[in-house]
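Student: I've got the structure open and would like to work through how its inside is put together. Can we go at it piece by piece?

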Amino acid sequence: MPDALTLTWRQYRLERRMFWRNPSAAFFNFVLPLLFLCGGGVILEGNQHDLNLLVPAIAGMSVMSTTFTALAYNIVFLRERGVLKRIRGAPLPTSSYFGGVAANAVTNTALQIAIIVLAGRVFFGIGWPAHWDELIVFVLVGVVCFAALGVSFAHVIPNFESTAAYVNAVFLPVVFVSFFVFENKSAPTFLRNIAEALPLKPLIDGLYGAMVTGKGLSHNLDALAVIGLWGVLGLYFAVRGFSWEQSRI
Amino acid sequence: MRDDWAVNETAPAIEVHALTKRYGEYEAVRGIDITVRRGEVFGLLGPNGAGKTTTVEILEGYRQRSGGEVSVLGFDPARRSIELRRRIGIVLQSGGIYSHVTPRELLRHWAGFYPHPRSVEEVLKLAGLEDRADVRSRKLSGGQLRRLDFALALVGDPELMFLDEPTTGFDPAARHAAWETVRSLRDLGKTILLTTHYLDEAQELADRVAIVKDGRVLAIGPPRELGVGGSHYRVAYRDRHGELVEQQTDDPTRLLHELTAEALARGERVEELSVGRPTLEDVYLELTADA
């Protein structure tokens with residue numbers, strides 16, 4: 001009898017296979033943040049202060065794109081196509097299905113962060129992260145938070161055609177305000193307050209501490225709390241509002 | 001989790017009593033009673049919006065009923081136990097599938113959900129997908145995707161299969177192929193609950209049919225016996241003014257005797273005389289006609 005853990009593993013393997021076979025998913029998840037990193041690196045070449053900011057900022061953005069964006073797209077697509085409904089009718093435990101999907105997102109994030117850390121060491125003069133534990137904690141909490149928010153957000157998106165509009169309406173402003181405020185003394189207070197209350201800026205702060213400044217976990221606990229709070233909120237709405245079927249309205 | 005009589009092989013596969021389903025003010029199902037025996041092909045026949053799909057989706061565990069009692073293989077489907085889902089196969093009206101995976105990979109994955117799956121090769125063959133087994137599913141035609149639906153529902157070797165409008169949108173050849181598949185499933189001993197709005201499909205496939213309209217069962221029985229009893233013989237002939245007459249009667253013997261006696265007395269013949277039992281189509285049209 002296949003147990004839930006075996007089924008989770010099989011679902012994960014299927015998700016991995018599908019991810020690599022879908023060129024557009026692979027592109028948006030992997031290539032795009034790396035292009036930003038390269039582009040930023042070229043523009044900021046020789047300016048170590050700004051490069052120190054660029055690397056954790058892109059790392060934070062990658063966490064968001066590999067979880068929030070990717071899951072919102074995926075869930076809306078599978079819901080509209082009726083795949084979720086079929087899965088719901090099959091004897092696959094819900095925990096195994098979502099376990100496989102989540103593990104897939106975690107793998108993408110981990111690969112992405114590994115590439116960015118490596119690039120930081122090799123091309124951007126940042127060196128290895130000072131605090132691996134802090135890096136891992138922030139990435140993990142960030143993944144849980146943004147993955148849950150992505151699943152929650154999928155409830156709001158009415159159909160697949162409008163997914164790009166909905167996702168970017170959230171993703172781009174959040175990325176913009178968080179990048180703008182990050183280590184920017186001249187940013188207006190109200191923008192700073194908004195950014196601090198959203199989960200991306202605290203995530204970037206934590207990654208900055210872990211990868212660049214060497215400020216340990218204990219200095220960034222409030223940032224971790226903000227991300228955690230969004231995560232709890234996200235998990236609540238992800239489970240509560242989850243719809244396996246496209247509504248016919 | 002498991003009800004005691006789930007193991008009773010002689011108990012009906014499905015029992016539905018006084019089932020109701022409301023969506024807000026709208027009553028989609030208004031008191032349906034059906035019993036599906038093990039090993040039979042049972043058809044739910046009715047026009048679009050009759051409540052067929054709602055009923056089937058309650059039995060499959062997709063929807064919660066508003067009232068009534070339901071038992072599927074001895075389980076209450078509303079509890080969505082995984083044990084029940086291992087024993088049923090579902091062919092949805094519009095179930096999509098992952099685009100970047102092949103039928104063989106999908107069937108292998110699906111087979112892994114079940115304790116005693118059928119062999120993937122055998123299922124591919126049964127569904128007529130051997131030639132397309134290693135093509136990514138987004139390259140399959142509509143008919144091939146439908147066959148993949150069958151295959152996915154079948155790979156767990158379920159006792160009971162739900163087929164919701166299995167041939168809607170098929171061309172005639174594909175329909176006949178699908179009918180052959182359903183017959184082969186019945187020959188394997190499966191119980192099948194089929195919904196359709198095609199009369200010929202119900203007549204071809206179902207051992208028994210329930211005609212459903214506006215959320216109620218209007219008639220139930222084997223397709224060839226439905227409507228027998230009551231004034232359900234049609235006697236047609238050309239009368240002596242040359243007009244074509246059709247009469248309905250529950251006593252054709254008497255009517256025929258009178259007709260032929262009159263004609264003989266006049267020394268004439270009864271032209272174009274025919275006695276017909278109603279077809280399923282007649283019953284269906286009569287029952288589902290808007291009063």
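Student: Which residues of β7(B) are buried on one side, and which on the other?
Tutor: Keep in mind that this is a predicted model. Both faces of β7(B) turn out to be covered. One side has B:Thr191, B:Leu193 and B:Thr195, and the other has B:Ile192, B:Leu194 and B:Thr196.

Student: Why is strand β7 of chain B largely enclosed by the rest of the structure?
Tutor: Being buried here takes 20 or more other C-beta atoms within 10 Å of a residue's own. Strand β7 (residues 191–196) of chain B is largely enclosed because the buried residues number 6 of the 6.

Student: OK, what is the bridge partner of B:Phe42 in β7(B)?
Tutor: Start from the strands: β3 (residues 41–45) of chain B pairs with β7(B) in the parallel sense, over 5 bridges. Within β7(B), B:Phe42 is partnered by B:Leu193.

Student: And what is the handedness of the crossover from β6(B) to β7(B)?
Tutor: Strand β6 (residues 160–164) of chain B runs parallel to β7(B), joined by 5 bridges. One bridge pairs B:Leu160 with B:Thr191. Between the two strands the chain passes through helix α6 (residues 172–187) of chain B, and this β-α-β crossover is right-handed.

Student: Which helix gives the largest share of the largest nonpolar core?
Tutor: That core has 70 residues, and B:Ile192 and B:Leu193 are among those touching the most other members. Its largest share is 6 residues, from helix α5 (residues 142–154) of chain B.

Terms used
Residues are numbered from 1 along each chain as its sequence is written. Chains are lettered from A and ligands numbered from 1 in the order in which they are written. This is a predicted model: local features need pLDDT of at least 70, side-chain atom pairs count only at pLDDT 80 or more; totals for chains, interfaces and linings use all residues. A residue is buried if 20 or more other C-beta atoms lie within 10 Å of its own, exposed if 12 or fewer, and partly exposed in between; C-beta atoms are placed from the backbone. Helices (H or I, at least four residues) and strands (E, at least two) are DSSP runs, numbered from the N terminus. Two strands pair if DSSP finds at least two bridges between them. A crossover is right-handed if, with the strands pointing away from the viewer, the path from the first strand over the helix to the second runs clockwise. A nonpolar core is a set of buried Ala, Val, Leu, Ile, Met, Phe, Trp, Tyr and Cys residues joined through C-beta atoms within 7 Å.
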